[in-house]
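Here is a short briefing on a protein model. Keep the structure open while you read, and find each part as it comes up.

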Amino acid sequence: MSSNPVKAEPDARQRFVDAINEKQALHIGTIAYLWGYPIVDMSKQMYHETTKTGAKQAVLAQVNQFFRNENLITPSTAGELRAPNNDTLYFSGWFDLSNEPIVIHTPDTNDRYYTLAITDFFNEVTHLGRRTTGTKARSFALIGPDWDGALPADVSAVKMATSTVWILGRLAVQGEEDLPLARQQLRGFSSTPLSMWGKNKASELPLAWPEGERIEPMGSLAFFKLLNAWLRKNKPRAGEAAMIRMFDQIGIGPNSNFDPEHLEPARRRGLEAAIAEGQALLRASSQQPLPDVRNGWIFPLGLADYGEDYLMRAAVVFGGYANRPEETVYAARTVDDHGQLMTGAQRYRIRFSKEDLPPVGAFWSITSYNLQTFSLIENSIQRYSIGDRTSGLMYAADGSLTIEISMAQPASGSSNWLPVGEGPFSLVVRMYEPKEAILRGTYKLPKLEITA
């Protein structure tokens, strides 16, 4: 009889268990990736803008405090913003409503355009500002989903769906000469916990900034770790409870404690494949043709009220968030009328007749972006957008307007020139407070002409 031990074969049933765990992790994980994309992206941004992560940090403010950028955005000062505007001063903040409401005070801007885009972690946006609440001095209490109490008579309630929200504020600037007054008004926007409202005592701030390394969770299992942490602290929306319970089947739901370091191999493979699948869907969704195209310009009017369209909601976040269309419409294009990428190797122009100028209640502009990075393009005259408020803009005798778009300055001079770089670029026409013709689809931007 041999003394050599018999080598045990793996349990044949285990491969079926592994197959189930891997496929469940893939399919449920892909849904969780798309559903949770806004939550994780905003968690990442909140960390990067409330934690000191480097010496040259573009945005840094305590939770429940505003960061104010007192200069117009340039390619080097955009921070976490993707495809930023060059029309307004930006101010922003992350607000924790879990303990009590936060009161936001807005100054009298004397009819100057401003908007506060208050975004919850489901990427649903509420606007306060010139269009919705006027420009007189006002005070608003941001109220989390679990708070129940009374507000002072002079404070208006704004109910939010999540206990943490992001405010991105924009205050219009007419030009460099207008900056001093705009900055003065910008400093009038403030935030105060309700318990401190009306008191002279300043709210206590941490003695030092929290410090840490930058994080990039969107393409790794750290994504599910952040999502799981959020789910353990927050309630799902009405109607989503059953789907969220399904997340627990793969270890990332509210009743789980996800630990990527101790994942079994089959589930790890499935979750890693889910991340790749989710990212592929987002890339494809960001490039898919949209139905509302007018003379080659894409009008994305459906960027609000996502309901259960989690792919669209995630794709909007992937591209850089969005306002409600009633507030601003951003018409964009990345190709010419022949379907070719726009690059600095060509010259282009847009001719507006007097009747074709964008019908808006506030103002409009055209901005060029590097197509790969969604960043503003450095240029010799430091012009990153052009529009109806651009100083020195030249109109023809009949009221028409021609915008020249090229890498080199046109022979006609720089007055109507929007510079671009050598490589592929995109164009965005921002229309602030769009009128009904834009929203209904009857207004069309002029075609983009190739001139050389």
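**Briefing: sheets, helices and spaces**

Arginine 68 has phenylalanine 91, in strand 2, as its bridge partner. Keep in mind that the model is predicted. Start from this bridge, then move out to the sheet, the helices and the empty spaces.

**The five-stranded sheet**

- Strand 1 and strand 2 are joined by two bridges. These two strands run antiparallel.
- They belong to an open sheet of five strands. Read across, the order is 1-2-8-4-5. The pairing is antiparallel.
- Which strands sit at the edges? They are strand 1 (67-68) and strand 5 (125-129). Each of these edge strands pairs on one side only.

**Helices on that sheet**

- Helix 1 packs on the sheet. It touches strand 2, strand 4 (114-120) and strand 8.
- The direction of helix 1 makes about 105 degrees with that of strand 2.
- Helix 2 (residues 179-186) packs on the sheet too. It touches strand 1, strand 2 and strand 8.
- The direction of helix 2 makes about 15 degrees with that of strand 2.

**Helix 1 meets helix 3**

- Helix 1 covers residues 14-50, and helix 3 covers residues 222-233. Their axes come within 10 Å.
- At what angle do the axes of helix 1 and helix 3 cross? They cross at roughly 70 degrees. Helix 1 and helix 3 are therefore roughly perpendicular to each other.
- On the helix 1 side, the contact is made by Gly29, Ala32, Tyr33, Trp35, Gly36, Tyr37, Ile39 and Val40.
- On the helix 3 side, the residues are Phe223, Phe224, Leu226, Leu227, Trp230 and Leu231.
- Sorted by class, this contact of helix 1 with helix 3 has 12 nonpolar residues, two polar ones and no charged ones.

**The cavity**

- How many cavities of 30 Å³ or more does the structure hold? It holds one.
- The largest cavity has a volume of about 110 Å³.
- The largest cavity is lined by 14 residues. Closest to its centre are Val59, Phe67, Leu81, Tyr90 and Ser92.
- Two elements give two or more residues to this lining: strand 2 (88-96) and strand 8 (164-172).
- Strand 2 gives the most, with three residues.
- By class, the lining of the largest cavity divides into 10 nonpolar, three polar and one charged.

**The second largest pocket**

- The second largest pocket holds about 920 Å³ of space.
- It is lined by 34 residues. Those closest to the centre of this pocket are Met46, Asp96, Ser163, Thr164 and Lys233.
- Helix 1 and helix 3 each supply at least two residues of the lining.
- Which element gives the most to the lining of the second largest pocket? Helix 3 does, with five residues.
- The lining of this pocket has 15 nonpolar, 12 polar and seven charged residues.

**The four-stranded sheet**

- Another open sheet has four strands, in the order 17-16-13-19. Here the pairing is mixed.
- The edge strands are strand 17 (417-419) and strand 19 (448-450). Each of them pairs on one side only.
- From one strand to the next, the twist averages 25 degrees.
- Strand 13 (residues 348-352) pairs with strand 19 over three bridges, in the antiparallel sense.
- Which residue of strand 19 is the bridge partner of arginine 349? The partner is glutamate 449.

Terms used: Residues numbered from 1 in each chain as written. Predicted model: local features only at pLDDT ≥ 70, side-chain atom pairs only at ≥ 80, totals over all residues. Heavy atoms only, no water. Axes fitted to C-alpha atoms, helices over the stretch in contact; angles between N-to-C directions. Parallel < 35°, antiparallel > 145°, perpendicular 65-115°, else oblique. Contact = heavy atoms within 4.5 Å. Nonpolar A, V, L, I, M, F, W, Y, C, P; charged D, E, K, R; others polar. 1 Å grid on protein atoms, 1.4 Å probe; cavity = no way out; pocket = protein on both sides within 12 Å on 5 of 7 lines; lining within 4 Å. Points joined across faces, edges and corners; volume = space filled by probe spheres on them. Pairing = 2+ DSSP bridges.
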